[in-house]
Amino acid sequence: MGKKRSGAGLTGPQQAAKFLGLSVLSGVVLAGIAIPGAGALGLAAKGTVEGFDEIPANLKTPPLSQRTTILDAEGGLIATVYSRDRQVVPLTAISPYMQKAIVAIEDSRFYEHGAVDLKGILRAVNRNAQEGAAAQGASTLTQQYVKNVFVEEAGDDETKVREAQEKSLGRKIRELKYSIQVEEELGKKKILENYLNITYFGQQAYGIESASQRYFSKPAKDLTLEESALLAGLVQSPSRYDPVNDSQEAMKRRNVVLQRMADVKDISQAEADEAKGKPVQLKVTRPKNGCITAVKGAGFFCDYVRNTFLTDPVFGKTREERAKLWNQGGLTVRTTLDPQAQDSVNESIKDHVNQDDKIATAVTLVQPGTGRVLAMGQSKPYGFGKNETQINYSVDKRMGGSNFGFPTGSTFKPFVAAAALEQGISPGRVYNSPYQMEYPSPVQTCGNKPWVNTDNERLENEQESEVGPYGMTQAMAKSVNTYFVEMIAETGLCPVTEMTTKLGVIPADGTKLPEVPAIALGSEGMSPLTMANAYAAFANRGVRCTPVSIESITDSHGKALTVPKSKCERVMSERTADTINTLLLGVVDSGTGTQAGLTDRQSAGKTGTTDSRYNAWFVGYTPNMSGATWVGSGGAKQVSMENITIGGRYYDKVYGGGLPGPIWKQAVSGALAGREVASFTTVGLPDAGAAGGSARPGTPTTPVKPAKPGKPGGDGKPGGRPGGQTGGQAIGGAANGGGATGGTPTDPFPGITLEPGIIGGRDTQ
């Protein structure tokens, strides 16, 4: 048996009740509305429905939910998001055909009657009495508008939506009283405009502008006669008359509207007949909503913007308030996304890592001194399909990122060095730095109880040839694990955790950084945005700025909303930052990060690789851009990046300088192409002890032996160091060609050589 449409197939008692209700309603209209002072005459017993005079007279019209447009920094469209796809337009932007069609089919006496059409009610009562059923209704267009206001106010609350649409005498009475108010306050043209903007037309389109774009890919002002008639016919039952799913049924309904327009003399019969003879011709624009539709691979950045809005108190005291404002929409959000930087990030990712690879990569770029997030991309696209994800690898868990972030390996070591320098430790400080050692014990914490190595935990350097003594410059370039653990033992854990807190280096799961020496090796999970923004403080000579993604927001009326501002504060001295910059210039010039070095400007950075090669990082920066590249396992299953093919290229071992480094280099090179070339302020660094030599700074020693076959670099396999480089490459000048005052480049380690292919420190946890 076919499904009955609404209003058909009522039982005898239901028919009688509906007829009685309409009869009572006519009495209410005549007695209560025509003569309001008489009260709710004709109403059922008290308690069945509110007394007419007791109903509040002020209808509070909620703002109509609309689409929100998210733009990049240059005004280009990133994405359109909405709770309800609606674009509010004035009546002058709606085709006259559409205005006439909706009035003709829904309320042909609209301009003749008041809030309630008494003739219509009596006609409906008479016809329904003759047929013994509810064959005809009597709602005016104004009443329909009021009902839609109730539905809009209900939002996504299904219970409230049902209450707003319930077929009860009580709701009808309230609707009538509010209709009187609306007629008095707005007038006919404004009511028609509001009605056309609030009404649902099917296919997720609310309001006539969105409906016109959805079905015909044109603005509502350009709708033709037959197109207007088709859309007007949808209002009664958007699903039944949906032209996308049933063009024949839609055509029948369209022709009914056309004939009604002819009957009320809005068009001639000849015009109606001509339009009826035309087929239904659609040019459908499919619904596009949410960050999944973002262009330029900016889906995750779009999601980050949304989460920023929902979590920042500047947009509302509670999440519920912020969500209501976001869902209401109608916003134009101009963001910090730099289209050139975003394109460059996308291209670099595409050139190095495939979407269907076992591992993933994520790249985030920020601007030192402003905190502006310039680009954000990853190899697994935003979506629900195979090899897609909704997890944003670039951000913390609370902002839609992974549950725990990713261990950072040796990219954490500059934070340890910065803390030590702030404590007065010289960059020439030498530690024994053996290949293997037990974690020093005890180590002072922020509390009264020191950390003690009760389990005799041990750590080691990446290569057996890495045997000290070392000074800070060489230890940073070679990424010597034991050096930095000895350093953290001397400084204590508290200065390091205090430094990371000031830098915003908080684990991605929101927990507190543990006070254990292993943090020196990057044992805790962080997000790329956290790391990129922390390194930006080095580039900005010790001033850290909180990350921001929103430049400005205007509401549907063009009013500017307050947006979060970056907060900048000094977290270390200029001298400390300049020293770190000089140290990390050496990492890129001749240390583990040579493959990441830019050719047209100074760049500094640090590599990092964790145990079992589950994660590899390069975090680097220039004076005007900082970026972090992570490569690793995005899912629950950890993938060891040894003997693996990534992006169609075989790697015997992946390490921070060998894959993340080149990704970073290409991304940043493109992002900065044609832009200002800035230089670091560098410092002269003292000479330091060499591997295998005495602890006295500056003592020359024998060059380090080449790496064993199979170790990172030196074996010539894909994934090793760049072709043509061999052992014996000397460390370059501390500042890529000069000290603090410029002049002749100096070699801080005369007679000392390093073999290429030295990996960043491992996470020994």
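This is a short tour of one chain, from the overall picture to a single loop residue.

**Whole chain**

Start with everything shown. The model is predicted. The chain has 765 residues, and 56% of them count as buried. Colour by secondary structure next: 21 helices and 22 strands should appear. The exposed surface comes to about 31,400 Å², with carbon and sulfur atoms supplying 49% of it. Now consider contacts between residues at least 6 apart in sequence. Of these, 71% join residues at least 24 apart.

**The five-stranded sheet**

Select β7, β6, β18, β17 and β16. In that order they form an open sheet with antiparallel pairing. Which strands stand at the edges? They are β7 (373–378) and β16 (604–609). Each has a single partner strand, so one side of each is left without a neighbour in the sheet. Look at the twist as well. Neighbouring strands of this sheet are turned by 5° against each other on average, direction ignored.

Zoom in on one end of the sheet. Select residues 360–366, which make up β6. This strand runs antiparallel to β7, and 5 bridges join the two. Pick T364 to find one position in the pairing: its bridge partner in β7 is M376.

Keep β6 and β7 on screen and add residues 339–352. This is helix α14, which lies across both strands. Its direction is at about 25° to β7.

**A helix pair**

Move on to α15 (residues 413–422) and α19 (residues 528–539). How do these two helices pack? The angle between them is about 35°, and their axes are 11 Å apart. The crossing of α15 past α19 is left-handed.

Show side chains at the contact. From α15, select P414, F415 and A418. From α19, select M531, A534, Y535 and F538. What kinds of residue meet here? The contact of α15 with α19 has 7 nonpolar residues, no polar ones and no charged ones.

**The loop at S573**

Finish at S573. Look for this residue in the loop between β15 (568–570) and α20 (574–590). Is S573 buried or exposed? Neither label fits: S573 is partly exposed, because its relative accessible area is 28%, and buried would need a value under 20%, exposed one over 50%.

Now select what S573 touches. Leaving aside neighbours within four places in sequence, S573 is in contact with E422 and R541. Draw a C-alpha to C-alpha distance from S573 to R541: it should read 7.6 Å. Along the sequence, the two are 32 residues apart.

Key
Residues numbered from 1 in each chain as written. Predicted model: local features only at pLDDT ≥ 70, side-chain atom pairs only at ≥ 80, totals over all residues. Heavy atoms only, no water. Helix = DSSP H or I, 4+ residues; strand = E, 2+ residues; numbered from the N terminus. Buried < 20%, exposed > 50% of the residue type's maximum accessible area, 1.4 Å probe, protein only. Contact = heavy atoms within 4.5 Å. Areas by Shrake-Rupley, 256 points an atom, 1.4 Å probe, with all protein chains shown as cover. Pairing = 2+ DSSP bridges. Axes fitted to C-alpha atoms, helices over the stretch in contact; angles between N-to-C directions. Left-handed = near helix turned anticlockwise from the far one by under 90°. Nonpolar A, V, L, I, M, F, W, Y, C, P; charged D, E, K, R; others polar.
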